[in-house]
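Dear colleague,

Please find below the structure that I am handing over to you, together with its sequence. My notes on the fold, the ligand site and the backbone follow.

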Amino acid sequence: MTYPRINIYPKRIEENARAITDLARQNNIGIYSVTKATCANIEVAKAMLAGGVEGLADSRLLNLMKLRSHFGADLPLLLLRLPMLSEAEGVVRIADLSLNSEMVTIEALSKAATEQGKEHGIVLMVDLGDLREGLWPDKIIATGQKIDRLAGAYLHGLGTNLTCYGGILPTTENLQKLIDLATELEERLGRKLAWISGGNSSSLHLIEKGQVPKGINNLRIGETMLLGNDTALNCPFPGTRADAFIFQAELIEIQEKPSVPIGVVGRDAFGRIPTRPEDRGIRLRGILAAGEQDIYPGGLIPLEEGVEIVGASSDHLLVDLTNCRQELKIGAPLSFTVAYGSLLRAMTSPFVSKVVRQE
Ligand SMILES: *Cc1c(COP(=O)(O)O)cnc(C)c1O
């Protein structure tokens, strides 16, 4: 029994994956699931596949290598982050598909694919206004035609990514723009594109409301499958659950203390100037043996009623336990469900044990 730990419930992830792939299939949409928030954990990936996803996607080549060596050559793998020019050779060796926007990189992928005697699929990204990756729409037709003339690399389709930097939501209108571009490109090329990839978890609410324009046939889904939330509407997603991951850390101090620090205020462990907390008198405070190295404290949701997160330094997580009615003792763990940032931090921290639970 080591803490801190993150408990992983593959059956719950499979249930979430099933709910999403079933809904998507009714709309002729295939799902690639995204493993990056779990550092491509194999048990998580297996659960997603059992839940009916067509392929796996990750933003890092190292994670894809782990998936490739576990699942073998037949499982379709997609690299989500635009490839680094310096990793083109590895991208072709490991991934079947990658999202792209830069012709120099695409040409390097084409060269590597030719040398390796492989075909590498390019999904050309369109920036519909979120201002992360992708070409501006007016450059898509010419670039798509250029890619189509390459050897080794071929144009697999168009894609977009929204709600990542600018917080721009997918709508019927902006996704229709993607489809119109694809249709125009298909006419110029004289062939169909395999994919029109309409985004991430934030696109699922459109399927649910029957508002995804016809033509979108792929989505890349991470967060909703892992955590059961609708990232566009900020509410639970129907048919999914939020408790597929539970973080636990152990109490190492429980003491009554004032709620306002005493003395001259300088800076906290991260060089930030603390704002003065509200004076709530003497409070029962706990310290958990976990900190910023293990968990993002802002994304923890306590499972024990009455527990409040106060703050964290590198190795200490401070909680207010005044309103907690359950018996508290040194050595006992407190449990939390996690939001995306906390899941990412816990799954990528070497200090957090990953415990698979078959419940
Ligand atoms: C992370 C990522 C996704 C998955 O996003 P979720 O919000 O976790 O569904 C999809 N596409 C790209 C390009 C990504 O980087």
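**Backbone, fold and ligand site**

T163 is placed in the loop that joins strand 7 (153-160) to helix 7 (172-189). Although T163 is not a glycine, its phi is positive, at about 60°. Please bear in mind throughout that this is a predicted model.

A second residue deserves a similar note. L131, likewise a residue other than glycine, has a positive phi, near 65°. L131 belongs to the loop between strand 6 (120-126) and helix 6 (140-148).

Towards the start of the chain, the peptide bond that leads from Y3 to P4 is cis, and its omega is near -5°. P4 itself falls in the segment that precedes strand 1 (5-8).

As to the overall fold, the chain contains 10 helices and 18 strands. The C-alpha trace spans about 75 × 40 × 40 Å along its principal axes. The radius of gyration of the chain is 23 Å; for 359 residues a compact globule would have a value near 21 Å, so the two agree.

I turn now to the ligand. The space that the ligand takes is the second largest pocket. There are 13 residues around the ligand, and those that come nearest are K36, S201, R220, G222 and E223. By character, the shell around the ligand comprises five charged, four polar and four nonpolar residues.

Three side chains may be singled out for their polar atoms. For K36, a polar side-chain atom lies 2.7 Å from an oxygen atom of the ligand. In the case of R220, an N or O atom of the side chain is 2.9 Å from a nitrogen atom of the ligand. N161 also places a polar side-chain atom 3.4 Å from a nitrogen atom of the ligand. On its own, the ligand has 390 Å² of accessible area, and the protein covers 93% of this.

When you open the model, I would suggest beginning with K36 and R220, which are both among the residues that come nearest to the ligand, and then turning to the cis peptide bond from Y3 to P4.

With kind regards

Note on methods
Residues are numbered from 1 along each chain as its sequence is written. This is a predicted model: local features need pLDDT of at least 70, side-chain atom pairs count only at pLDDT 80 or more; totals for chains, interfaces and linings use all residues. Side-chain values use heavy atoms; hydrogens and water are left out. A residue is near a molecule or strand if one of its heavy atoms lies within 4 Å of it. A polar contact is a pair of N or O atoms within 3.5 Å; within protein, one must be able to donate a hydrogen and the other to accept it, and residues adjacent in sequence count only if both atoms are side-chain atoms. Accessible areas come from the Shrake-Rupley method with a 1.4 Å probe; for residues, only the protein chains shown count as cover. On a 1 Å grid over the protein atoms alone, a cavity is a set of points where a 1.4 Å probe fits but cannot get out, and a pocket is an open set with protein on both sides within 12 Å along at least five of seven lines; lining residues have an atom within 4 Å of a point. A molecule sits in a cavity or pocket if more than half of its atoms lie within 2 Å of its grid points. Ala, Val, Leu, Ile, Met, Phe, Trp, Tyr, Cys and Pro count as nonpolar, Asp, Glu, Lys and Arg as charged, and the others, Gly among them, as polar. Helices (H or I, at least four residues) and strands (E, at least two) are DSSP runs, numbered from the N terminus. The radius of gyration is taken over C-alpha atoms; the globule rule is 2.2 Å times the number of residues to the power 0.38.
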